[in-house]
Amino acid sequence: MLLRFSDPIWQKPRTATAFQSLFPAGQCVDVVIVGGGILGLSTALHAARLGLAVQVLEAGEIGNGASGLNGGQVIPGLKYDPDWLLEHFGLERGEALVNFVASTADTVFELIRDERLAVPFVRNGWIQAAHTETALKAAANRDRQWRARGADVRLLSGTEIATMTGAQGYLGGWLDRRAGVIDPLAYTSELARVAAAAGVKIAERQNVMQISKNAGIWHVSTESGAELKAKAIVLATNAYTGGLLPGLAETIVPLHSFQIATAPLSSNLAAAILPEGQAVSDSRRILVYYRKTADGRLVLGGRGRMALPNGPADWAHLERALLRLYPALSDVAIEKRWFGRVAMTPDHLPHIHEPEKGLLAVVGCQGRGIGLMTALGERIASYLSSGDTRQLPFPVSPIRPIPFHAFRQVGVAATIAWYRMLDAFER
Ligand SMILES: Cc1cc2nc3c(=O)[nH]c(=O)nc-3n(C[C@H](O)[C@H](O)[C@H](O)COP(=O)(O)OP(=O)(O)OC[C@H]3O[C@@H](n4cnc5c(N)ncnc54)[C@H](O)[C@@H]3O)c2cc1C
């Protein structure tokens with residue numbers, strides 16, 4: 001998705017391969033995966049390792065979706081804490097789910113290590129920074145629940161968080177040492193490289209226009225005329241979901257997340273700001289998240305306008321947030337501004353749908369998709385290979401379009417404005 005005012009910091013190496021590999025039209029493959037982001041590629045890699053013949057079709061280039069545009073914060077868990085998951089899903093499924101979400105960051109860093117992926121990373125934790133007493137209490141509650149499960153987490157005092165972030169305005173916070181930061185485009189590109197090496201055929205610029213089923217076999221047609229037959233299809237299109245499966249796009253709210261990157265920081269600033277390289281998200285309703293890159297820039301992101309940006313002014317709220325945290329950056333240039341789409345579901349959980357046998361759709365990354373979608377891909381592949389639903393950490397659910405979905409932009413814009421006002425009062 002190349003847009004005039006979107007200029008991401010993450011760049012593919014010039015030597016990165018273009019993928020144009022298609023199975024012959026007459027051959028019936030085991031799985032066609034629509035979407036070449038982290039979910040599609042992780043599913044493909046693991047399915048190929050389980051002996052399946054897999055075709056990935058990507059409408060643009062690998063990494064054009066959220067997977068190559070994101071903040072690169074690899075954070076385990078979900079919005080919900082373990083106790084909530086147990087209460088909501090029951091003891092058995094809840095326990096399995098807590099163990100699954102606890103391990104999603106491990107899955108990413110183990111994949112980088114075991115597959116020797118050329119991905120710049122720092123694994124030194126994620127800080128959830130609290131700016132109110134209420135947020136501190138929530139952090140203490142989260143800390144208690146994860147520590148009881150042996151997770152490497154701890155609370156941070158006001159002094160500690162000031163030293164670790166160099167930022168102003170936090171009362172304290174929570175450090176989750178299971179987390180880290182990566183270059184997300186390098187990760188997505190490397191996933192594609194190892195998937196192709198494992199036998200997956202990947203074709204870019206293949207926008208899937210139609211899927212249909214005939215005599216138990218799926219038929220897939222792309223805009224550029226490719227025709228494929230498959231035993232199963234996985235829709236891994238997430239926030240970029242179109243009209244392929246009726247009702248699916250209406251089950252999510254695709255939000256825009258905007259990001260900015262500074263010029264490389266001077267050695268003095270770099271020593272004062274995130275000296276140990278953690279990732280940070282704050283506790284505001286409209287939160288900002290930030291981290292440093294391998295070349296010493298500060299990357300900060302947050303919610304952006306729902307319409308497409310018109311110019312740099314559409315990132316001005318993030319520049320203000322940056323200076324509120326780090327007044328010393330007032331003379332440092334903002335060199336990059338970009339955005340991507342995040343898929344939110346009303347219950348803030350990823351959804352797995354299987355409306356017909358052999359047709360799977362997975363949507364709703366909630367902004368934690370690097371770990372979540374990597375780990376889910378592995379489980380989806382096991383399910384495709386075994387048919388055993390116990391492989392799926394989340395229950396398969398019916399496609400339930402959100403009522404009044406067509407008016408979502410108005411609702412989201414109004415909610416964001418209201419939350420911004422509440423956040424401003426709490427400053
Ligand atoms: C700005 C931003 C910052 C974020 N920050 C973080 C972060 O710090 N940490 C984190 O964990 N998560 C973060 N996220 C979320 C994370 O990026 C996503 O959860 C994750 O990348 C989703 O992966 P995916 O493979 O499901 O979807 P995507 O990467 O979006 O891939 C979907 C792909 O499907 C393709 N597609 C759509 N329709 C078709 C079609 N008809 N035919 C063929 N292909 C099609 C699209 O082109 C796209 O490439 C962020 C997201 C954004 C946008």
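Let's start with the ligand: the residues in the shell around it divide into 18 nonpolar, 23 polar and three charged. Keep in mind that this is a predicted model.

Which residues come nearest to the ligand? Of the 44 around it, they are Gly37, Gly65, Gly340, Cys365 and Gly369. Several elements give two or more residues to this shell: helices H1 (38-49), H2 (66-69) and H11 (369-386), along with strands S13 (253-262) and S17 (334-344).

**A closer look at H1**

H1 is worth following for a moment. This helix has twelve residues, and from its first C-alpha to its last it reaches 16 Å, close to the 16 Å expected at 1.5 Å a residue. Is H1 mostly enclosed or mostly open? Eleven of its twelve residues are buried, so the helix is largely enclosed by the rest of the structure. Among those buried residues are Ile38, Leu41, Ala44, Leu45, His46 and Ala48. Just after H1 comes Gly51, which takes a positive phi of about 95 degrees.

**The nonpolar core**

Now for the inside of the model. The largest nonpolar core holds 118 residues, and the ones that touch the most other members are Val31, Val32, Ala44, Val54 and Ala195. H11 supplies the largest share of this core, with nine residues. So H11 turns up twice, because it also gives two or more residues to the ligand shell.

What does Ala195 touch? Leaving aside residues up to four places away in sequence, its contacts are Leu41, Ala44, Leu45, Ala48, Val200 and Ile202. Of these, Leu41, Ala44, Leu45 and Ala48 are buried residues of H1.

**Two unusual backbone spots**

Most residues other than glycine have a negative phi. Two residues here go the other way. Ala215 has a positive phi near 50 degrees and is not a glycine, while Asn238, also not a glycine, has a positive phi of about 40 degrees. Here they are side by side:

| Residue | Phi | Loop between | C-beta neighbours inside 10 Å |
|---|---|---|---|
| Ala215 | near 50 degrees | S10 (208-214) and S11 (217-222) | 4 |
| Asn238 | about 40 degrees | S12 (227-235) and S13 | 27 |

Why does Ala215 count as exposed? It has 4 C-beta neighbours inside 10 Å, and 12 or fewer makes a residue exposed. Asn238 has 27 such neighbours, so it counts as buried, the cut-off being 20 or more.

Note on methods
Residues numbered from 1 in each chain as written. Predicted model: local features only at pLDDT ≥ 70, side-chain atom pairs only at ≥ 80, totals over all residues. Near = placed C-beta within 6 Å. Nonpolar A, V, L, I, M, F, W, Y, C, P; charged D, E, K, R; others polar. Core = buried A, V, L, I, M, F, W, Y, C linked by C-beta atoms within 7 Å. Contact = placed C-beta atoms within 7 Å. Expected span 1.5 Å × (residues − 1).
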